[in-house]
Amino acid sequence: MRIGVHPNNLHLRLARLWPGAFAELQPVFVSYAEGRDTAALLESGDINLGGTGSTPPIEADMRGLGVEYVAASAPRPANGAIFVRSDSPIGSVAELKGRRISLIDGSFHTYLLARSLEGEGMSLPDVERVESGARDALADLLEGRVDAWVAMSPRLEKALERDDVRPIVRCGAAIPNRSLFWTLERNGLSAAEIRAIVSELSRIGTEIAADPRAAARLLASGDRGGSGDRSGSGDRGGTDIDAWEKVVRSRDFTVFPIDDAIIAEQQEEADTLLRHGHFDKPIVLKRSEMTKEQGIGR
């Protein structure tokens, strides 16, 4: 089983380092740069399973790739926020109109921004989206190249401790922000394999919650690469054990099988991004027939 690992999916990042993880599936962990690369790696067969936020699998389905959802995390309301400078005249989302917003476009950042704007009667075209990519988005904000910044862990926790930036909206007020674990139907994972994946993700999540300090220590030591590494892994942000422990304690690592409620949640996101013009056509999302027939999910 080739399992993709990118820096922003902490569950799989920890799984790579966790004793005995996925042993039944003879795992090969393949590191890569970011969640938006997941669909291409699944399509090429470089990986068989990936974990991302909610948006990349919808993007993949929009491309006609035939996404098969495997598992979902509990909501992670603390893992995202929109920041402005402390001295900015912007006091709320309502004042973002016409402003430059730094984000990883096509990730959950896009959905967070869309839902936040929608709550104020605006839409994505009312702001200028600036792709952060490998840029230092915090520096761009502080030096005035952008007016707001969509941040996520672990930089979010560091930003919350600063006095030169402040949040104007938190993730939990706008979107559920789950991790989704998924593949493509063409990869042909069996019902037994899917059950094993869900079981292992759940077991590892329970053990992380029981010993967050151990998890923090692993994250601080960094992914050290290995077979198939595409990312130049490790925590390049230099996050220390105490900071990582705050991140780990801030989220619920519970994982459960895909069910119709999660698909409905994904459908709501797809419909929202269509309204905002991020997508140019509607799509109907569904659970795979295999998971229904095998009774996988609630």
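**Entry: serine 102**

I started at serine 102, which I found in strand β6, residues 100-103. I am working from a predicted model here. Is serine 102 buried or exposed? With a relative accessible area of 1%, serine 102 is buried. I then listed what serine 102 touches, leaving out residues up to four places away in sequence: Val130, Ser132, Ala137, Val146, Ala148, Trp149 and Val150.

**Entry: the cis peptide bond**

Next I looked at the bond that joins serine 153 and proline 154, and noted a cis peptide bond with omega of about 0°. I paused on this one because most peptide bonds are trans. Where does proline 154 lie? I placed proline 154 in the loop between β8 (148-151) and α6 (155-160).

**Entry: positive phi values**

I kept going with the backbone, since most residues other than glycine have a negative phi. Glutamine 26 is not a glycine, yet I read a positive phi near 45° for it. Glutamine 26 sits in the loop between α1 and β2 (28-31). Its relative accessibility is 67%, so I put glutamine 26 down as exposed, the cut-off being over 50%.

Asparagine 177 also turned up with a positive phi, about 55°, although asparagine 177 is not a glycine. I found asparagine 177 in the loop between β9 (165-170) and β10 (180-184). At 5% relative accessibility, asparagine 177 counts as buried.

I added a glycine to the page as well: glycine 222, just after α8, takes a positive phi of about 90°.

**Entry: α8 against α9**

That glycine led me to helix α8. Which residues of α8 are buried? I noted Pro212, Ala214, Ala215, Ala216 and Leu219. The buried residues of α8 pack against α1, α7 and α9.

I took α9 up in detail. Helix α8 covers residues 212-221 and helix α9 residues 241-249; they pack at an angle of about 125°, and their axes are 8 Å apart. Why do I call α8 and α9 oblique to each other? Their angle of about 125° falls outside the ranges for roughly parallel (under 35 degrees), roughly perpendicular (65 to 115) and roughly antiparallel (over 145), so the pair is oblique. I also wrote down that the crossing of α8 and α9 is right-handed.

For the contact itself, I have Pro212, Arg213, Ala215, Ala216, Arg217, Leu219 and Ala220 on the α8 side. On the α9 side I have Ile241, Asp242, Trp244, Glu245, Val248 and Arg249. Sorting the residues of this α8 and α9 contact gave me eight nonpolar, five charged and no polar.

**Entry: α1 against α7**

I turned to another helix pair, α1 (residues 10-17) and α7 (residues 191-210). Their axes lie 10 Å apart, at an angle of about 90°. That angle makes α1 roughly perpendicular to α7. His11, Leu12, Leu14 and Ala15 in α1 meet Leu201, Ile204, Gly205 and Ile208 in α7. I counted the kinds in this α1 and α7 contact as six nonpolar, two polar and no charged.

I singled out alanine 15 of helix α1. Alanine 15 is buried, with a relative accessible area of 0%. What does alanine 15 touch, not counting residues up to four places away in sequence? My list reads Ala21, Phe22, Phe29 and Ile204. I also checked alanine 15 against isoleucine 208: the two are 193 residues apart along the chain, and their C-alpha atoms are separated by 9.6 Å.

**Entry: glutamate 200**

Staying in helix α7, I looked up glutamate 200. At 14% relative accessibility, glutamate 200 counts as buried, since the cut-off is under 20%. Beyond its neighbours within four places in sequence, glutamate 200 is in contact with Gly20, Ala21, Phe22 and Ala23. For Phe22 I noted a distance too: a polar atom of the glutamate 200 side chain lies 2.6 Å from the backbone nitrogen of phenylalanine 22.

**Entry: isoleucine 58**

My last stop was isoleucine 58, in helix α3 (residues 55-62). Isoleucine 58 is buried, and I read a relative accessible area of 0%. How many residues apart in sequence are isoleucine 58 and glutamine 266? They are 208 residues apart in sequence, while in space they are 7.5 Å apart, C-alpha to C-alpha. Leaving out residues up to four places away in sequence, isoleucine 58 touches Tyr69, Gln266, Glu269, Ala270, Phe279 and Leu285.

Notes: Residues are numbered from 1 along each chain as its sequence is written. This is a predicted model: local features need pLDDT of at least 70, side-chain atom pairs count only at pLDDT 80 or more; totals for chains, interfaces and linings use all residues. Side-chain values use heavy atoms; hydrogens and water are left out. Axes are lines fitted to C-alpha atoms, for helices over the stretch in contact, and angles run from 0 to 180 degrees between N-to-C directions. Helices (H or I, at least four residues) and strands (E, at least two) are DSSP runs, numbered from the N terminus. A crossing is left-handed if the near helix is turned anticlockwise from the far one by less than a right angle, and right-handed if clockwise. Contact means heavy atoms within 4.5 Å. Ala, Val, Leu, Ile, Met, Phe, Trp, Tyr, Cys and Pro count as nonpolar, Asp, Glu, Lys and Arg as charged, and the others, Gly among them, as polar. Buried means under 20% relative accessible area, exposed over 50%, partly exposed in between (1.4 Å probe, protein chains only). A polar contact is a pair of N or O atoms within 3.5 Å; within protein, one must be able to donate a hydrogen and the other to accept it, and residues adjacent in sequence count only if both atoms are side-chain atoms.
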